[in-house]
Amino acid sequence: MASYYDEHDCEPLANGETPNHLLHLARLLLDTGAAMEWNVEYDRIFGGTRKVPPASKKFVDELPTKLISPTIAAQGIQCSVCLGEFDEEDETKTLPCDHQFHSKCILPWLQKVSTCPVCRCELPTDDPDYEMYKQHKARAKQREYELETLHCSMFG
Ligand SMILES: [Zn+2]
Ligand SMILES: [Zn+2]
């Protein structure tokens with residue numbers, strides 16, 4: 001098994017010094033704690049209901065528009081919002097997750113929430129508070145993952 005030092009490309013410290021990985025672990029714990037506190041704070045400010053804001057106007061404007069070709073129309077693919085099939089010449093929008101909807105179905109949806117109706121992936125918003133919340137959430141997740149990996153390399 002490769003040692004912690006091999007994996008992290010650093011030298012073991014001389015005797016008597018505090019091991020580097022313990023400091024690293026402490027820092028990770030502090031960061032995770034801070035992100036969790038921030039979550040609590042967010043709940044307090046927004047009353048516990050983290051309402052998903054509409055998708056960013058610029059993002060919606062720039063979504064690629066496609067007209068349904070006869071080939072696609074023949075495949076009987078459904079729009080997940082209205083559950084109707086795509087007909088030839090229907091105007092559609094495709095989200096970054098590759099999910100496709102009628103323009104007339106997805107546009108009103110994105111004016112209410114910034115998630116894909118099918119896979120719930122998050123789309124950009126114009127709400128700076130919510131964007132900050134998403135960043136903190138992603139960061140906390142990354143920290144959790146790092147912490148787990150580090151824990152495994154130390155005690156696993
Ligand atoms: Zn539709
Ligand atoms: Zn999707």
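User: Which strands form the open sheet, and in what order?
Analyst: In this predicted model, 3 strands make up an open sheet, ordered β1-β2-β3, with antiparallel pairing.

User: Which strands stand at the edges?
Analyst: β1 and β3. Each has a single partner strand, so one side of each is left without a neighbour in the sheet. On average, neighbouring strands of this sheet are turned by 40° against each other, direction ignored.

User: How many bridges between β1 and β2?
Analyst: 3 bridges, in the antiparallel sense, with β1 covering residues 65-67. Leu67 stands opposite Glu91 in β2.

User: And what residue does Lys93 stand opposite?
Analyst: Phe101 in β3. β2 and β3 also pair in the antiparallel sense, over 3 bridges.

User: What's in the turn of that β2 and β3 hairpin?
Analyst: There are 5 residues between the two strands, and Asp98 in the turn has a positive phi of about 80°.

User: Switching to the metal. What coordinates the zinc ion (ligand 2)?
Analyst: Three cysteines and a histidine: Cys97 (SG), His99 (ND1), Cys116 (SG) and Cys119 (SG), at 1.9 to 2.3 Å. The site is tetrahedral, with angles of 103 to 116° among the 4 donor atoms.

User: How are the donor residues spaced in sequence?
Analyst: The pattern for this zinc ion is C-x1-H-x16-C-x2-C. His99 sits in the loop between β2 (91-94) and β3 (100-102), while Cys119 is in the loop between α5 (103-110) and α6 (128-155), so the pair ties together parts that are 20 residues apart in sequence.

User: Are His99 and Cys119 buried or exposed?
Analyst: In between. His99 is partly exposed, at a relative accessible area of 26%, and Cys119 is partly exposed too, at 37%.

User: OK, α6. What should its 28 residues span?
Analyst: At 1.5 Å a residue they should span 40 Å, and the end C-alpha atoms of α6 are 40 Å apart, which agrees.

User: What happens at the start of α6?
Analyst: A side-chain oxygen of Asp127 comes to within 3.0 Å of the backbone nitrogen of Asp129.

User: Which residues of α6 are buried?
Analyst: Tyr130, Tyr133, Lys134, Ala140, Arg143, Leu147, Leu150 and Ser153.

User: Why would residues three or four places apart point the same way in an α-helix?
Analyst: An α-helix has 3.6 residues a turn, so residues at that spacing point the same way.

Definitions and conventions: Residues numbered from 1 in each chain as written. Chains lettered and ligands numbered in written order. Predicted model: local features only at pLDDT ≥ 70, side-chain atom pairs only at ≥ 80, totals over all residues. Heavy atoms only, no water. Donors = N, O, S within 2.8 Å, 3.2 Å for Na, K, Ca; no water. Tetrahedral: all angles 85-135°; square planar, octahedral: opposite > 155°, others 65-115°. Helix = DSSP H or I, 4+ residues; strand = E, 2+ residues; numbered from the N terminus. Buried < 20%, exposed > 50% of the residue type's maximum accessible area, 1.4 Å probe, protein only. Pairing = 2+ DSSP bridges. Expected span 1.5 Å × (residues − 1). Polar contact = N/O pair within 3.5 Å; in protein donor to acceptor, adjacent residues only side chain to side chain. Axes fitted to C-alpha atoms, helices over the stretch in contact; angles between N-to-C directions.
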